[in-house]
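Thank you for making the time this morning. I would like to walk through one structure with you, so please have the sequence and the 3D view open while I talk.

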Amino acid sequence: MQKVTLIFSLLFVLIAGALSASQDQLDLNKATYQQIHALPITPQQAEAIYYYRNYIDFFQSVYDLLNIDSIDQVTFLKIKPLVKIVPYGVYDERAQRRDQIYYLIRRLAMDEGSSEAVSDLWEDMLMSPININTATYQDLLNMPIVNPTDVRAILRQRKLSDFQDYRGMRNAPGLTHYGATNLRHYVSYQPPELKGKWNFNYRFKFNNNPFSEDVEEILRESFVPDSLNEKFSMWGRYDLDNAAPEISHKFRARMEDWFNLEIGALLFFKKGEERDLNIFQENNQLSEALAENSKYAASIDLKPANLKVVLGHYRATWGEGLVMENTDLFEPRRSGYSFSKRVRGIFPDLSPTEEFTLKGAAVEYGNSFMNASLFFSDDKKDVVIWDSNHDDKLDDDDDIFYYIVSTPRFTNEQLESAEALFNEYRPNLSPHPLPKIDMAPRRDALRETMVGGHLQFDPFIGTHLGVTAYEAKYDRYFSIADYANLDEYLIYDSYYYKKLDINDSEISGLYSTETDTYRRNYRRVYGFDWQATLDNVTFQGEYAELEVDGKPFALGDDPGALVVSAYFNYANLNFLMLYRDYDLEFDNPYARPFAEHERFDGTILEKQYYLKNPLIAEMYCNSPWSQPERGLYIETRYKFLRELTLTKAYLDMWERKSDGRKSVRFQGELEYRPIYQIAMRLKQKLQTNGSEDFFTRAVSKTSETTCLFRTYLTNRDRLELEYRYTKVWMAPYTNLTNSAEPGQSNIIPTANVLIHGDMICVNYQHNFTDYFSMEGSFLFWNGHGVSHWDWEDMEIDFMGSQGMKFWFNLYNRISNSLAISFKYKVKHYQDDELYLRKYNEPIFGNDYVAQTKHKESSIRVQLDWTF
């Protein structure tokens, strides 16, 4: 009852605040298009006011409205009491664009998550708007939240005449209002002034957020089973309670003339990675840090020749990400449209991506008829090695198990030192001695040399056919055990070999360069992609194969992967259908296609406590690879009325290839907005894992309901109240329901297990001035076994059993060239209480572990200096 009273009290405050705010006059020099549209005027008049303010001049007086042709005297007298004019201060255009960058990246992160590499690309586009009258189809399509049908509409209209301003572009037949507004910050309508001036940017980041829960569990896992001594874990061995914070320094310089020249460098340390960079100290580690923790890139874009060259670290993406998309991140349900689109082509990469960055040289040529790219990379990769020659040591002569993205990236000296300590105790355990560690991650232990390219033809506007391929050569062999021997290969104790199941065929299905039938030192992947746009409909897809033992130019005789989609885009409706099918043996480490789950989900790699080396579990928890799946995904957005919008609804039905498990996920969000200042959103998520499995514990059903109330106050302030309730049904553990005593004859039947939890949250944003703002949240949750999550500014946070947290982020543009962001978070939570028991055996002594209370606080600082 108290919770219900609290919700309705806060709701009353929200609505009352909104209604009182609605009585204030609207400042036309700050108002958004939606706020202007809410005035008692026509949509054409609202657009004219917005256009005048953005592209002609700021309003100096309310009477400047009469300078707009569509504003007559009657309209002027009607809106005059509702608006005001506050003189707009001198504010550098580039500074305004940087504010727009911060807002955009935050918005994209909150919707689907975003990677820093993509953020850098969109920042460049904002800081240097492209001339819409000379931009290619690919240039426009790479801009955020812009769809192929909108780009086609722009290019078809441009064939008739060049665009002179935003209004001309907005009126292009077939261009949706949504597409036009998303493009407006990224394009110009006149050739840029070629000044040859340099612009410099330095960005510093500091973040001492705790390790994620999954990573912390792996690092705390003992290498000496049943020992509670922390020195036998990586956490205790290297005192990660006091781990060094995440720190990065990024420098970029850009010059615009008849060609664009850009150079940059990044020095980046993950949490827990510490280097002594004191240059005045004799034994400092500056040279090692520059060699192992840095990235650099230089690019030149010869615009008259349509040629771009990138040296150093770069990013490459084509098609649906089946052949090439080199990031260290996995993003679920990445359809390639709207917020989850791919930026295709070759670009400098100064993001934190380490494992799958490409390092070397790349060339890209493009015009309205074709696009061609070639790339070369020579880099060392972190991998897991195993004692393949059985000489009781791990060295350069051993084979590779697979790639690994580690957090933190321990040095090889740290890994070897810890393994030497653990190996002193493992053979002496009683009553079951354990062998020495024969599988472990190693830093920069594989040299990978890659050559590849992409060739694409564009016969019509919005239509293309492309081919992508690469060959990666290695200085060591990959060798994976077959499924029958996988238990001995991975698990430390034969007693737990039974924990392997058919899901682990995802591991045995990985690609080996050394088998009984062949011995090679390379991996070859090739595929083709296509797109066709007809009026408001786009068809696109990609097919790829990993060459194993099939013929090079024959399709279907090697492991393959397919993604096809159809996208319908109208003014008030968009609709997407996407089908994917990835073979279990299609092992392309650079593939990042659409998927619900990352690779190795549900395998033994999820359970670090069974593995010979717990660190190997990071192959799963940091997996950037998509799980082999087959399924159909349907998504839509529909605006029923001005006040009522189905903001997003999707249905995904898929089958996991390793065991044939079928699952279904539905999510829908409905927003009601009676006036601009008030929005109410209802979101429902339903998911069934194992929809046809009635006799296994893999079955679970989840229902998650979220209610959100949002109000916009004066000066673009925002206040939100959010409540979420989650229920999860699971099959029971009969051995936990009944006594642990052996020899039972009366087993008690048990119904399904139901766990539930809820969360209440207040989010806010307050703009003190045009240059200084604050946003934050207060959140309380009770999990009861349910996992809760929350978007914080630009990052996601997973919570414990129950607790509370609050955070705030201050953003201050101190001057036109200097901006700083400061985030502080406090989090109090506790774990579940535990009752200990052994399988079919009673436990003696203390069999209860009380809830553990945790108190965390963290700081994130970002500084941007432009000069």
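I will begin with the overall make-up, then turn to the interior, the charged pairs, the surface and a few backbone details.

Please keep in mind throughout that what you see is a predicted model. The protein has 867 residues, of which 53% count as buried, and its secondary structure comprises 18 helices and 34 strands. If we take the contacts with a sequence separation of 6 or more, 65% of them are between residues 24 or more positions apart. The protein exposes about 39300 Å², and carbon and sulfur atoms supply 56% of that area.

Let me move to the interior. The largest nonpolar core contains 89 residues, and the members that touch the most other members are Met324, Phe401 and Leu490. Leaving aside residues up to four places away in sequence, Leu490 touches Phe401, Met439, Ile507, Ile604, Tyr610, Leu611 and Lys612. There is also a second, separate core, with 28 residues, and Ile132, Leu183, Val343 and Phe347 are among them.

One helix is worth following here, namely α14. This helix has 14 residues and reaches 21 Å from its first C-alpha to its last, which is close to the 20 Å expected at 1.5 Å a residue. Its buried residues are Leu415, Ala418, Glu419, Leu421, Phe422 and Asn423, and the buried residues of α14 pack against α12, residues 234-237, and against β14.

Now to the charged pairs. Side chains of opposite charge can pair when their charged atoms come close. In this model the count comes to 54 salt bridges, and I will pick out a few of them.

Lys612, which we have just met as a contact of Leu490, forms a salt bridge with Asp438, with the closest N and O atoms 3.1 Å apart. Lys612 lies in the loop between β19 and α17, whereas Asp438 lies in the loop between α14 and β14, so this pair ties together parts that are 174 residues apart in sequence. Are the two partners buried or partly exposed? Lys612 is buried, with a relative accessible area of 12%, while Asp438, at 24% relative accessibility, counts as partly exposed.

In a second pair, Arg524 forms a salt bridge with Glu547, the closest N and O atoms being 3.2 Å apart. Here Arg524 sits in strand β16 and Glu547 in the loop between β17 and β18, and the two are 23 residues apart. Arg524 is partly exposed at 29% relative accessible area, and Glu547 is buried at 8%.

A third pair joins the side chains of Glu722 and Arg724, at 3.5 Å from N to O. Glu722 is buried, with a relative accessible area of 11%, and Arg724 is buried as well, with 2%. Salt bridges also link Glu669, Glu671, Arg673, Arg681, Arg710, Arg718, Glu720 and Glu775 into a network.

Turning to the surface, which residues form a nonpolar patch there? They are Tyr570, Leu573, Tyr638, Phe640, Leu641, Leu670 and Leu682, and together they have about 610 Å² of accessible area. Leu641 has its place in the loop between β20 and β21, and this residue is exposed, with a relative accessible area of 52%.

A further residue to locate on your screens is Asn260, found in strand β7, residues 259-269. Asn260 is buried, at 14% relative accessible area. Asn260 and Asp301 are 41 residues apart in sequence, yet their C-alpha atoms are 5.0 Å apart in space. Not counting residues up to four places away in sequence, Asn260 touches Arg254, Met255, Ser299, Ile300, Asp301 and Lys303.

Finally, some backbone details. Thr407 and Pro408 are joined by a cis peptide bond, with omega at about -10°, and Pro408 has its place in the loop between β13 and α14. Asn306 has a positive phi of about 55° although it is not a glycine; Asn306 is found in the loop between β8 and β9 and is partly exposed, with a relative accessible area of 33%. His390 likewise has a positive phi of about 55° without being a glycine. The place of His390 is in the loop between β12 and β13, and at 61% relative accessibility His390 counts as exposed.

Note on methods: Residues are numbered from 1 along each chain as its sequence is written. This is a predicted model: local features need pLDDT of at least 70, side-chain atom pairs count only at pLDDT 80 or more; totals for chains, interfaces and linings use all residues. Side-chain values use heavy atoms; hydrogens and water are left out. A salt bridge is a side-chain nitrogen of Lys or Arg within 4 Å of a carboxyl oxygen of Asp or Glu. Helices (H or I, at least four residues) and strands (E, at least two) are DSSP runs, numbered from the N terminus. Buried means under 20% relative accessible area, exposed over 50%, partly exposed in between (1.4 Å probe, protein chains only). A nonpolar core is a set of buried Ala, Val, Leu, Ile, Met, Phe, Trp, Tyr and Cys residues joined through side-chain atoms within 4.5 Å. Contact means heavy atoms within 4.5 Å. The expected span of a helix is 1.5 Å times one less than its number of residues. Patches are made of residues with over 30% relative accessible area and no salt bridge: like charges are joined within 9 Å, nonpolar side chains (Val, Leu, Ile, Met, Phe, Trp, Tyr) within 5 Å. Accessible areas come from the Shrake-Rupley method with a 1.4 Å probe; for residues, only the protein chains shown count as cover.
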